[in-house]
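Student: I have a model open and would like to learn how to read a helix and a ligand site. Could you walk me through both?

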Amino acid sequence: MTSPSHTLRTDVVIVGGGPAGMLLSHLLAADGVESIVVEARSQEYVGARVRAGILEHSSVELLRGAGLGERLDREGDEHRGIYLQWPDERHHLDFVDLTGRSVWVYGQTEVQKDLVSARSAAGQEVYYECADVALHEVESDRPAVTFTHEGRPVRIEARAVAGCDGSFGPSRGAVPDAVRSIWERVYPYSWLGILADVAPSTDELIYAWHPDGFAMHSMRSASVSRLYLQVPNGTPVEEWSDDRIWDALATRLGHGQDGWRLEPGPITEKSVLPMRSYVQTPMRHGSLFLAGDSAHIVPPTGAKGLNLAIADVALLAPALADLVRRDDRMLAEAYSDTALRRVWRCTHFSWWMTTMLHTSEDPFDAQLQLSQLRWVASSEAGRTGLAENYAGLPIGF
Ligand code: DHB
């Protein structure tokens, strides 16, 4: 026998308990707006998945402004810039000198922990492990979300639904095909990413073009390194033994060049990540508002995904507060156009970084990439363009 449906009411149902959804619930609460978060996965799964590691300047300012900056300031690592390299040359781009803005190394897993502890301290209602999540009547002013939780059907009615449930969640598909437009680019390569228990061999991130393929040296802390290798699509992770990975990283990152050494160490996580650009518009349909990966995916080069999700939520929170508390629709109606300006800027930047740094089979492309890299590194205009986009444009760009 199924138990009777349980109906709840709140101001905003947030579908997805990742960083976008949890930050939204935090910002809404600060504005006196109540929300319930509905997440398909378990709390452990959401908290443990290895994701982005770089926060741009405006993300850091926003988290600090929301009272979420304490551990970030203590444990995060501020970087002035990055290294851009190709065989025999490594150039430092100093974002602080170029734009007055820095970036921070602070993993998405850490941001998520800070959000979860702030929200649980405030008594936020979050339903984890929800099955069959579905959105209803999003074209009306009384949308609802239904799901099954611990065997019991639940229905939550609200004034608005925020779709923060990524590219696999139900929200993006709740915008009818007749209404939505989709732009997509699939890249002909993937990343093999590793986490290793070894101190980073560099003080700031290295982005390397190499004839064998792109490589990157990132980090998570003073004792954990994160590194990536370009690999062909469909590469089985088993093809890459730890030794093969470290050898390829050493070659592509220039071990031995000007006395620089790559220190290998035990690999604790290894996975292959496909690369894709995707934008779905509009980001609002009736009372449904999409934020983060539910509306857009960027390839990881340039570290924009998490920052873009934070920027969406920074625009969405005041829009929903005006809608719920004052019945003022102006910001809600402008949300999609306003957010998409930044989405397309970051989509372009991520595509630009990706196509500049990943090798194809085409020798003509390789010459163009090297020419562009030399120009970016040697011209103040080139360096500044990269720095402005990487360290991040203002939230309201
Ligand atoms: C990381 C990922 C990126 O895509 C990037 O550009 C920089 C850093 C990371 O995972 O650390």
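Tutor: Gladly; let us start with burial. In H10, the buried residues (buried means under 20% relative accessible area, 1.4 Å probe, protein chains only) are Ala-366, Gln-369, Leu-370, Leu-373, Val-376 and Ala-377. This is a predicted model: local features need pLDDT of at least 70, side-chain atom pairs count only at pLDDT 80 or more, and totals for chains, interfaces and linings use all residues. Residues are numbered from 1 along each chain as its sequence is written, and side-chain values use heavy atoms, leaving out hydrogens and water.

Student: Why are the buried residues on the same side of H10?

Tutor: An α-helix has 3.6 residues a turn, so residues three or four places apart point the same way. Here the buried residues of H10 cover an arc of only 130 degrees around the axis, which puts them on the same side; the arc is taken from the directions from the helix axis to the C-beta atoms. On the other side, Phe-364, Gln-367 and Ser-378 are exposed, meaning over 50% relative accessible area.

Student: What covers the buried residues of H10?

Tutor: The cover includes strands S6 (81-86) and S7 (89-94) and helices H9 (330-357) and H11 (380-391).

Student: And the ligand: which residues are closest?

Tutor: Among the 14 residues that surround the ligand, the closest are Tyr-207, Ser-218, Arg-220, Tyr-228 and Pro-300. Polar side-chain atoms of Ser-218 and Tyr-228 each lie 2.5 Å from an oxygen atom of the ligand. For Arg-220, a side-chain N or O atom is 2.7 Å from a ligand oxygen. Taken alone the ligand exposes 290 Å², and the protein buries 97% of that.

Definitions and conventions:
Helix = DSSP H or I, 4+ residues; strand = E, 2+ residues; numbered from the N terminus. Contact = heavy atoms within 4.5 Å. Near = heavy atom within 4 Å. Polar contact = N/O pair within 3.5 Å; in protein donor to acceptor, adjacent residues only side chain to side chain. Areas by Shrake-Rupley, 256 points an atom, 1.4 Å probe, with all protein chains shown as cover.
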